[in-house]
Amino acid sequence: MGNSTLGTARRSVLRELWEARAQSDRLLDIVRPEAIYERPIAERHRIIFYLGHLEAFDLNLFAPALAGLKPFAPELDKLFAFGIDPVDGGLPHDQPKDWPAHKEVLRYRQTVRDSLDERLAPALERPEDRQTPSQLLHVAVEHRLMHAETLAYMLHRLPINLKCARQAPPTPRAPQIRPRMVEIPAGAATLGVQRSDDGAFGWDNEFDEHRVSVPAFRIDASMVTNRQYLRFVAEGGYSEPAFWSDADWQWLQSSGTLHPAFWVRRENQFFFRTMFDEVPLPAEWPVYVSHAEALAYSRWARKELPSEAEWHRAAYGTHNGGERIYPWGDEPPTAGFGNFDFQYWDPTPVAAFPAGNSAFGASDLLGNGWEWTRTVFAPFDGFEPFPFYPGYSANFFDGQHYVMKGGSSRTAACMLRRSFRNWFQPHYPYAYAGFRCVEH
């Protein structure tokens with residue numbers, strides 16, 4: 001790659017950072033000022049934290065690589081450095097008064113941005129190896145876009161009257177389909193990404209690329225819908241211990257969970273909590289549940305959740321043994337292929353984007369909800385933690401998190417690459433995550 005082309009690519013990543021900032025700003029702008037210290041999800045920080053976290057992360061990330069970039073508010077850099085992900089039931093106990101004033105955090109955010117922007121552009125014009133500002137920019141962009149999604153999970157729980165409603169395109173009509181499974185012949189699935197010098201970015205857990213031999217199986221053509229899951233609820237699925245592991249049953253009882261977190265029961269009818277409204281339960285939307293709930297349904301249905309490799313085979317495999325870059329082919333993600341990249345605030349009916357189907361006829365493999373697998377999140381052979389962010393993946397190789405694949409309505413297009421891996425603990429019910437089942 002020539003110096004001119006390389007310089008253009010680096011400046012392009014800088015523009016991506018500015019666009020990612022605009023995306024996260026648009027999301028936070030839906031919060032009314034009086035709600036900025038709310039904590040919509042008990043296991044997470046208050047909203048005010050995220051207003052400062054993204055800039056603190058960027059500052060701490062770039063500081064070692066950018067000459068002259070010095071902390072100007074070390075106490076805020078530390079306060080906003082890390083999110084939380086309690087897996088043992090422990091909850092934060094801080095109070096609104098423990099956090100800085102809203103205006104102070106806004107000043108901090110702008111000062112950090114100005115300081116970074118002043119130094120990033122010149123740094124990108126200097127010779128560098130792949131471990132310096134260009135790679136760090138990719139990290140900053142995707143970290144911010146991840147939060148633009150996970151913060152949406154939190155704001156989804158914020159009472160409607162504390163949000164400023166936003167418009168979205170009309171929801172596609174539900175196609176006339178019946179639940180069915182498709183046959184996936186035996187074949188190889190390529191997981192991960194190959195290390196190269198062409199500037200392609202991947203997170204540490206995406207390396208190294210390797211192939212897995214996958215025996216034949218059958219998989220649901222579409223994600224499990226609210227209609228299908230309602231039958232599981234109606235037939236007593238949440239009161240039958242046989243469908244749940246001991247740990248999952250303990251969580252179910254201690255949390256008092258009786259149905260998916262996105263459902264609201266009013267007398268004898270279920271409603272769905274959308275981002276800005278509450279509507280009668282949309283029967284053909286994918287159900288959003290925790291891993292524990294997905295696993296219980298699969299046992300009730302006498303099926304299984306797919307492994308990470310099986311999901312890959314169904315999504316990217318072809319009848320002739322080859323593999324596609326995306327389920328639909330090699331064309332980059334655009335609006336006609338699925339519900340992703342911030343097009344919609346909420347799910348759409350399953351199978352509403354047939355142009356995005358895989359070679360085997362499975363729908364919505366990218367977008368409309370992450371998909372749980374039965375694979376425990378663990379490193380691939382050849383895993384090397386990022387030296388500048390050693391805990392990004394390694395902190396979660398604890399046997400208590402499961403791999404999710406695909407993407408949701410709020411997943412950025414850049415993270416729809418084949419090698420991207422998401423993960424969550426099994427008892428977190430607020431993610432935009434659904435599932436489909438397999439049979440062997």
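Select strand 1 and strand 4 (residues 217-220) to begin: the two pair in the antiparallel sense over 4 bridges. The model on screen is a predicted one. Within this pair, M181 stands opposite D220 of strand 4.

Add strand 12 to the selection. An open sheet of 3 strands appears, in the order 1-4-12 with antiparallel pairing. Strand 1 (181-184) and strand 12 (438-439) are at the edges, each with a single partner strand, so one side of each has no neighbour in the sheet.

Next, show helix 9 (residues 308-316), which packs on the sheet and touches strand 1, strand 4 and strand 12. The direction of helix 9 makes about 75° with that of strand 4.

Now turn to the largest pocket, with a volume of about 1000 Å³. Its lining has 36 residues; select H143, H147, Y389, Y392 and F396 to find those closest to the pocket centre. Then colour helix 2 (47-62), helix 5 (133-157), helix 10 (391-394) and strand 10 (422-424), the elements that give two or more residues to this lining. Helix 5 supplies the largest share, 8 residues. Coloured by class, the pocket lining shows 22 nonpolar, 10 polar and 4 charged residues.

The last stop is the largest cavity, which has a volume of about 40 Å³. Select W311, Y316, L366, W370, K405, G406, M415, L416, R417 and F420 to see the residues that line this cavity. By class, the cavity lining divides into 7 nonpolar, 1 polar and 2 charged residues. The count of cavities of 30 Å³ or more comes to 1.

Notes. Residues numbered from 1 in each chain as written. Predicted model: local features only at pLDDT ≥ 70, side-chain atom pairs only at ≥ 80, totals over all residues. Heavy atoms only, no water. 1 Å grid on protein atoms, 1.4 Å probe; cavity = no way out; pocket = protein on both sides within 12 Å on 5 of 7 lines; lining within 4 Å. Points joined across faces, edges and corners; volume = space filled by probe spheres on them. Nonpolar A, V, L, I, M, F, W, Y, C, P; charged D, E, K, R; others polar. Pairing = 2+ DSSP bridges. Contact = heavy atoms within 4.5 Å. Axes fitted to C-alpha atoms, helices over the stretch in contact; angles between N-to-C directions.
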